[in-house]
Amino acid sequence: MATATHPPVQEQSSWKSRLSALGPGLLMASAAIGGSHLVSSTQAGALYQWQLVGLVLFALLMKYPFFRFGAQYTAETGESLVQGYARKGRVTLWVFFVFCAVSSVISAAGVGILCAVILKFALPTSWGLSVPWVAALMMASVWLILLAGRFPVLDKLTKLIITILTVVTVVTVIVAASKGAQGAADAVAPSPWTLVALPFLVALIGWMPAPIEISALQSLWIAEKQRFRPANARDVIFDFNVGYVISAILAVFFIALGALVQFGTGTQIQSAGGAYIPQLITMYTNTMGEWARPLMALLAFVVMYGTTIAVVDGYGRACAESMHLIRRGEGGAGRQAVMVWSTGIALVALGIIVWFSAQMGELLRFAMVAAFIMAPIFAWLNFQLVRRQDHLSNTLRILAWVGLAFLGGFTLLFLAAELGLIG
């Protein structure tokens, strides 16, 4: 069975040590700020104005303990979540591996196709490349970056991407708010609290802020960073909280952008993620000016590109480590095994993109819904690792039980509606 290879650091925290620890939490935020923020959150504001702000914040609160458990477990034990699953038994590890492997190609295909659509939108039309070809070139570049194995570079690049996106989005929303809502003053938003709107709500929450299994990926990134820059448990949790809060703030700001700029204007809201990207870029340019169009297209691409890298790398690490422990290997999964899995995930995801290129919107929506359906399973796996620990606060313990009830109940409601049992 795997053992902790990097015991937690015990020295006191300082602002310098906290800033130094920043990285894995922001990498998780980078993986999160993709389809859920750029597309679903903005669509939520454009379709329902401000009505879904509360639901998004509530979903973030309900998922918080399960994401935190990943960072907390690794910070306190020196083990990744995957190693923790292995300690619980082979059944637990197999359950995680199977669901993680399925989720990896679905999520990679979902973010990959969005990234390809954004890049195609930003490229000169004379290039004449189809979305599958753009996706193939993009996935090849992701593979080369991961092959270089420069985690410190990825760590620093993520900080830059998140900082730029946060500043630009906040400034854009402030400018939009100063101009006032662009829609008709008498526009009335339809109610989202109907069974008809349930699939949209499930897709919105499914990737809000990210699929819960991203917590396992984050724990592996934490373990990787501890190799070259060890941090104590408090600083690791600080890094996680910063990333999570940023993803929450940006979710609300993207809702605000849709509500202020697109709601009530009479523009037909495109439900497909790929078709919605040009509308998203147009919203930025309508607010900031036409000069911002190429800049925002580039920024959106960089964000989704960073998300694609994080997803392929993180899932590759998680699948490689899981299979390594299933085979009862000593130490951790080697870099070669991680690259084999990352390569496989990228290729299968590309195959899905090519096969379903004509149904891009349905593919992205399926990825979000699948993440929501699997959320209670991953949430329980994380909770059962820490729920018997004495130092776990009562607040987190209660919040975890409430979160499980919320995720499980909402999933059952959605499945009942899809099977025609209600409605």
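This report describes three helix–helix contacts, a pocket and a cavity in a predicted model.

**Helix packing**

Two packed helices are described by the angle between their axes and the distance between the axes. The table sets out these values for three pairs.

| Helix pair | Axes come within | Crossing angle |
|---|---|---|
| Helix 5 (residues 81–88) and helix 13 (residues 292–326) | 9 Å | roughly 30 degrees |
| Helix 5 and helix 10 | 8 Å | roughly 110 degrees |
| Helix 7 (residues 131–148) and helix 14 (residues 335–355) | 10 Å | roughly 175 degrees |

Helix 5 takes part in two of these pairs, and its contact with helix 13 is considered here before its contact with helix 10. The axes of helix 5 and helix 13 cross at roughly 30 degrees, and because angles under 35 degrees count as roughly parallel, the two helices are described as roughly parallel to each other. Helix 5 passes helix 13 in a right-handed crossing, with Val-82, Gln-83 and Ala-86 of helix 5 in contact with a set made up of Ala-318, Glu-321, Ser-322 and Leu-325 of helix 13. By class, the residues of this contact between helix 5 and helix 13 comprise 4 nonpolar, 2 polar and 1 charged.

With helix 10, the axis of helix 5 crosses at roughly 110 degrees, which makes helix 5 roughly perpendicular to helix 10. Here Leu-81, Val-82 and Tyr-85 represent helix 5, while Ser-215, Ala-216, Ser-219 and Leu-220 represent helix 10. The contact of helix 5 with helix 10 contains 5 nonpolar and 2 polar residues, and no charged ones. Val-82 of helix 5 thus appears in the contact with helix 13 and also in the contact with helix 10.

In the remaining pair, the crossing angle of roughly 175 degrees between helix 7 and helix 14 means that these helices are roughly antiparallel to each other. From helix 7 the contact draws on Pro-132, Ala-135, Ala-136, Met-139, Trp-143, Leu-146, Leu-147 and Ala-148, and these meet Arg-335, Met-339, Ser-342, Thr-343, Ala-346, Ala-349, Leu-350, Ile-353 and Val-354 in helix 14. The contact of helix 7 with helix 14 divides into 14 nonpolar, 2 polar and 1 charged residues.

**Pocket and cavity**

Rolling a probe the size of a water molecule over the atoms shows where empty space is left. The second largest pocket holds about 180 Å³ of space, and its lining consists of 14 residues, among which Val-261, Gln-262, Thr-282, Met-283 and Asn-286 lie nearest its centre. Helix 8 (151–179), helix 11 (233–261) and helix 12 (273–288) are the elements that give two or more residues to this pocket lining, and helix 12 gives the most, with 5 residues. By class, the lining of the second largest pocket has 4 nonpolar, 9 polar and 1 charged residues.

The model also contains 4 cavities of 30 Å³ or more, and the second largest cavity has a volume of about 60 Å³. Ala-21, Pro-24, Ile-222, Lys-225, Gln-226, Arg-229, Ala-231, Asp-235, Val-236 and Asp-239 line this second largest cavity, with helix 10 (214–228) and helix 11 each supplying at least two residues of the lining. The residues lining the second largest cavity divide into 5 nonpolar, 1 polar and 4 charged. Helix 11 accordingly contributes to the lining of the second largest pocket and to that of the second largest cavity.

Notes
Residues numbered from 1 in each chain as written. Predicted model: local features only at pLDDT ≥ 70, side-chain atom pairs only at ≥ 80, totals over all residues. Heavy atoms only, no water. Axes fitted to C-alpha atoms, helices over the stretch in contact; angles between N-to-C directions. Helix = DSSP H or I, 4+ residues; strand = E, 2+ residues; numbered from the N terminus. Parallel < 35°, antiparallel > 145°, perpendicular 65-115°, else oblique. Left-handed = near helix turned anticlockwise from the far one by under 90°. Contact = heavy atoms within 4.5 Å. Nonpolar A, V, L, I, M, F, W, Y, C, P; charged D, E, K, R; others polar. 1 Å grid on protein atoms, 1.4 Å probe; cavity = no way out; pocket = protein on both sides within 12 Å on 5 of 7 lines; lining within 4 Å. Points joined across faces, edges and corners; volume = space filled by probe spheres on them.
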